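Student: Can we go through this structure together, one question at a time?
Tutor: Yes. Look at the sequence and the model before we begin.

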Amino acid sequence: MRSNMAPLLSLVFVSMMISGMTGNSGATLVKELQAHISVGDYLKDHKAPPTPLNVCPYHPKPVPLPSPLPKNVSDALKNMSESAKSVINATNLPGLVGTISYLGKTLLTVEDGVIKKGSTTAPDVDTIFRIGSVTKVFTVLAMFQLLDRKHIKSLDDPLSDYCPLFSIKNPYDIENVVTLRQMASELSGLPNEPPCTPSLVKKNLCPDTTNDILTKLKDQYIAMPAWTRPSYSNLAYGLLGRCLIHHYNPAVTFEEYVENNILKPLNMTSTGFEYTDDVIARMATGYDVNGNPVPGLDLGWAAPAGQMYSTVSDLMKFAEFFNSYGKGGKILSPHLVKEMLLPAFIDYDSVTVFGSPWEMILEGSYLIVSKGGSVNGYGAFFTFIPELQLSYVVMYNGNYIPESIVATPYALLLTALVPALANMQPKQPLPPHPEVYIGNYSDQFGIFKYSINQYEDTLVVTSSTNFVSYLSYKQDLLLQIVLPPSLPCVFYEITAANNQWLYFDEVDETGKSPGFTFPGLYGTDKFLRIKS
């Protein structure tokens, strides 16, 4: 069990740990950190981390970009555009449209090809495409809404709690309870497809009812035990959408629920399930791998797995919802939005990461939240990086495109954007009266000592072992420790010093605070000013 003393001692121990692990390199790094208080300056002067250390990649916070854009960013956007257009030539796609936005503002839009062969009209951000499995994001969001609104007790409940007729055979010598969380994250072990009876006359791939599907499942087997590894299951999302909404209100369909609880609140007016004449008139024509137009097929019961249509413009609104962690909680509480974005399984390639219902991509040190969809002549990629408030949506009317259409553009942009943001980071807020805090402090035993000084327009705290951290002003007599970049990742988590609070005493007759409290154990949390 980790002691609560860790935050208190970490400012001393972290530099000792560095020195112990790396010898002179640790001492050198400490001196460099002292000399480079500005994050931007530090990164600019250190193109590569010190080789003896496994340095934690620095993730700058999103800040507005200047106009005109930094040259390396504008060059990256140009390369992204060329990369996207090259896909058209390499895959013989009829048309493609994609947009990338940052902080809710469009950085780049690519509109190439045509909406229909023989036409000269290029697709744009308001052209309608089928989005296939991107539908699953709406299904999982609906599940989280029901949890938020107390219609579901726990995501770890068995599906049978909400769908009593559900059962499936288990050929493995291990108990297998299929839970909502497993189903949402591809870890339930359920078969890939629902046991539908397609109707070519009705152009419906799954005209079955929920009772039909549940009856057939009783004679089928799970593909693998739950929690083994991801195994794609359209059946799982069909069951989630149909069973949970029916349990919530038998008079409401899944489609109606999504329309009223997600699409309307987000003003996604060009997104839905029903392909009316007005919708079809705005759609790009879908083409199969041989370049032939495809018929418009209905997924029927399996709609929660892939029935929806949308536009790039609408999905950018959806991405903004996730990037803002719920926009105040009107649709879903922010803490549940964050939970929905958590990884569930890192695949064996150490690059692909599965979530609910995401197929995430590790690009450098950034996790791209991604969901791809491909159905009946159409495809889409819905992607974003919440910590950068960066979004990228692509749609096309043709055969399936590899995920490189996502990874390659992100690699191009992140390589330019991250250093640009690092050099634009605001400095830590300086107190209105820094003299209140500046000085030397010691604990009551004289063991631990700290010195607070002003460096340009930033307060810094230095431990007795010369380890430097920033102090960020929050309000009078309350400062927050901010560790510098370029430490091993484990130090930020294990030492737990980052973002800890220093609570200063009321100012005395000298106009200075006589001491501060750094919460910890064994009487070492109180530090008093050393009088000169």
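Student: Where is the place of valine 97?
Tutor: This is a predicted model. Look among residues 95-102, which form a strand. The place of valine 97 is in strand β1.

Student: Is valine 97 buried or exposed?
Tutor: Buried means under 20% relative accessible area. Valine 97 has a relative accessible area of 0%, so valine 97 is buried.

Student: Which residues does valine 97 touch, not counting residues up to four places away in sequence?
Tutor: Among them are Val110, Glu111 and Phe129. The list also includes Val312. It ends with Val393, Val394 and Met395.

Student: What distance separates the C-alpha atoms of valine 97 and aspartate 112?
Tutor: Along the chain, valine 97 and aspartate 112 are 15 residues apart. In space, their C-alpha atoms are separated by 6.3 Å.

Student: How many helices and strands does the chain have?
Tutor: Take the secondary structure of the chain as a whole. It comes to 15 helices and 18 strands.

Student: What angle do the axes of α5 and α9 make where they cross?
Tutor: Helix α5 covers residues 135-148, and helix α9 covers residues 254-263. Their axes come within 10 Å. Angles of 65 to 115 degrees count as roughly perpendicular, and that makes α5 roughly perpendicular to α9. The axes cross at roughly 75 degrees.

Student: How many nonpolar, polar and charged residues are in the contact of α5 with α9?
Tutor: On the α5 side, the residues include Phe138, Leu141 and Gln145. On the α9 side, they include Tyr257, Val258 and Asn261. The contact of α5 with α9 divides into 9 nonpolar, 3 polar and no charged.

Student: Why are α7 and α8 called oblique to each other?
Tutor: Helix α7 is residues 210-217 and helix α8 is residues 234-248. Their axes come within 11 Å and cross at roughly 135 degrees. Angles over 145 degrees count as roughly antiparallel, and 65 to 115 as roughly perpendicular. The angle of α7 and α8 fits neither class, and therefore they are oblique.

Student: Which residues in α8 meet α7?
Tutor: α7 passes α8 in a left-handed crossing. From α7 come Thr210, Ile213, Leu214 and Leu217. They meet Leu235, Leu239, Arg242 and Cys243 in α8.

Student: Is serine 513 buried or exposed?
Tutor: Serine 513 lies in the loop between β16 and β17. Its contacts include Val436, Tyr441, Phe504 and Arg529. At 0% relative accessibility, serine 513 counts as buried.

Student: Which aromatic residues form one cluster with Trp358 and Phe382?
Tutor: Both tryptophan 358 and phenylalanine 382 are buried. The cluster they belong to also holds Phe138, Phe318, Phe321, Phe322 and Phe384.

Student: How many aromatic pairs are there?
Tutor: Rings pair if their centres lie within 6.5 Å. By this rule the count comes to 22 aromatic pairs.

Student: What is the pair of tryptophan 358 and phenylalanine 382: stacked, edge-to-face or tilted?
Tutor: Planes under 30 degrees apart count as stacked, and over 60 as edge-to-face. The ring centres of tryptophan 358 and phenylalanine 382 are 6.4 Å apart. Their planes are at 35 degrees, so the pair is tilted.

Technical notes. Residues are numbered from 1 along each chain as its sequence is written. This is a predicted model: local features need pLDDT of at least 70, side-chain atom pairs count only at pLDDT 80 or more; totals for chains, interfaces and linings use all residues. Side-chain values use heavy atoms; hydrogens and water are left out. Axes are lines fitted to C-alpha atoms, for helices over the stretch in contact, and angles run from 0 to 180 degrees between N-to-C directions. Helices (H or I, at least four residues) and strands (E, at least two) are DSSP runs, numbered from the N terminus. Angles under 35 degrees count as roughly parallel, over 145 as roughly antiparallel, 65 to 115 as roughly perpendicular and the rest as oblique. A crossing is left-handed if the near helix is turned anticlockwise from the far one by less than a right angle, and right-handed if clockwise. Contact means heavy atoms within 4.5 Å. Rings of Phe, Tyr and Trp (its six-membered ring) pair if their centres lie within 6.5 Å; planes under 30 degrees apart count as stacked, over 60 as edge-to-face and the rest as tilted. Buried means under 20% relative accessible area, exposed over 50%, partly exposed in between (1.4 Å probe, protein chains only). Ala, Val, Leu, Ile, Met, Phe, Trp, Tyr, Cys and Pro count as nonpolar, Asp, Glu, Lys and Arg as charged, and the others, Gly among them, as polar.
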